Amino acid sequence: MTAETLVYKAGSIGQPTQLAASRCPHCARVQFPSTASCPACSLPSDDLWLAGPAKLVFATKILAEPPDSLVAAPYGVGVAEFPEGIRVIGLLDDPPPAVGDAVVPVVHQPAVNLVTFAFRREADQI
Ligand SMILES: [Zn+2]
């Protein structure tokens, strides 16, 4: 077992992905990243994959680039509200979606040694 938590399904850069969440079968609490047991009632959780579309409910700009950045500042960060009942913070793809847009998670590489996910406007999907 590695110390790294799987937070999205691995895939090619720029392709749609799904976020690894979990749902408690007892109280229906949704967690992201996924947890083995519910933090509210301690019962085992079920896997739940978040594919979107989600609604972007907040967006802002980051003004400083991380080390070995492949994205130019300013770049976007936002919060997406999934229909499963959870809000997830993440990077925003370029062109950045606006608050209110439908977004989907895609595999994203913001720095040389960092691959993660970002939110892309659903309408920009190829
Ligand atoms: Zn629970």
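What follows is a conversation between a visitor and a guide about reading this predicted model.

Visitor: Let's start with the parts. How many helices and strands does the protein have?

Guide: There are eight strands and zero helices. Read from the N terminus, the elements go β-β-β-β-β-β-β-β. Keep in mind as we go that this is a predicted model.

Visitor: How do I judge the overall build? What is the radius of gyration, and what does the globule rule give?

Guide: The radius of gyration is 15 Å, close to the 14 Å that the globule rule gives for 126 residues, so the protein is as compact as a globular protein of that length. As for extent, the C-alpha trace spans about 45 × 35 × 25 Å along its principal axes. Of the 126 residues, 27% are buried.

Visitor: Now the strands. What holds the strands of a sheet together?

Guide: The general idea is that strands of a sheet pair through backbone hydrogen bonds, and the pairing can be parallel or antiparallel. Here, look for the closed barrel of five strands, which runs E4-E5-E6-E8-E7 with mixed pairing. From one strand to the next, the twist averages 35°.

Visitor: Mixed pairing, then. In which sense do E6 and E8 pair, parallel or antiparallel?

Guide: E6 and E8 are parallel, with two bridges. To find the spot, look for Leu 91, which stands opposite Ala 118 in E8. Compare that with E5 and E6, which are antiparallel and share six bridges. There, Val 79 has Ile 89 in E6 as its bridge partner.

Visitor: What happens in the hairpin of E5 and E6?

Guide: Three residues sit between the two strands, and Gly 85 in this hairpin takes a positive phi near 100°.

Visitor: And how many bridges link E7 and E8?

Guide: Seven, in the antiparallel sense. One of the pairs to pick out is Ala 111 with its bridge partner Leu 114 in E8.

Visitor: That covers the barrel. What is the order of the strands in the open sheet?

Guide: The open sheet has three strands in the order E2-E1-E3, with antiparallel pairing. Its edge strands, E2 (30-31) and E3 (46-50), each pair on one side only. E1 pairs with E3 over five bridges, while two bridges join E1 to E2.

Visitor: Which residues could I use to trace those pairings?

Guide: Try Arg 23. Its bridge partner in E3 is Asp 46, and its bridge partner in E2 is Val 30. Another pair is Ala 21 with Leu 48 in E3. Then follow the chain through the hairpin of E1 and E2, where six residues lie between the strands and Ala 28 in the turn has a positive phi of about 70°.

Visitor: Let's go inside. What tends to happen to nonpolar side chains?

Guide: In soluble globular proteins, they tend to be buried together. In this model, the largest nonpolar core has 16 residues, and those with the most contacts inside it include Leu 19, Phe 82, Val 103 and Phe 119. Strands E1, E4, E5, E6, E7 and E8 each supply at least two residues of this core.

Visitor: Which residues does Val 103 contact, beyond its neighbours in sequence?

Guide: Among them are Leu 56, Ala 80, Pro 97, Phe 119 and Arg 120.

Visitor: Arg 120 catches my eye. Is Arg 120 buried or exposed?

Guide: Arg 120, in strand E8, counts as buried because it has 24 C-beta neighbours inside 10 Å, and the cut-off for that is 20 or more. Leaving aside sequence neighbours within four places, its contacts include Asp 93, Val 104, Val 106 and Gln 125.

Visitor: Could you show me a residue outside the strands?

Guide: Take Leu 70, in the loop between E4 and E5. Leu 70 counts as partly exposed because it has 13 C-beta neighbours inside 10 Å. Beyond residues up to four places away in sequence, Leu 70 touches Gln 109, Pro 110, Ala 111 and Val 112.

Visitor: How far apart are Leu 70 and Gln 109 in sequence and in space?

Guide: They are 39 residues apart in sequence and 7.3 Å apart in space, C-alpha to C-alpha. For the protein overall, among contacts with a separation of 6 or more, 47% are between residues 24 or more positions apart.

Notes:
Residues numbered from 1 in each chain as written. Predicted model: local features only at pLDDT ≥ 70, side-chain atom pairs only at ≥ 80, totals over all residues. Core = buried A, V, L, I, M, F, W, Y, C linked by C-beta atoms within 7 Å. Buried ≥ 20, exposed ≤ 12 C-beta atoms within 10 Å, placed from the backbone. Helix = DSSP H or I, 4+ residues; strand = E, 2+ residues; numbered from the N terminus. Contact = placed C-beta atoms within 7 Å. Rg over C-alpha atoms; globule rule 2.2 N^0.38 Å. Pairing = 2+ DSSP bridges. Axes fitted to C-alpha atoms, helices over the stretch in contact; angles between N-to-C directions.
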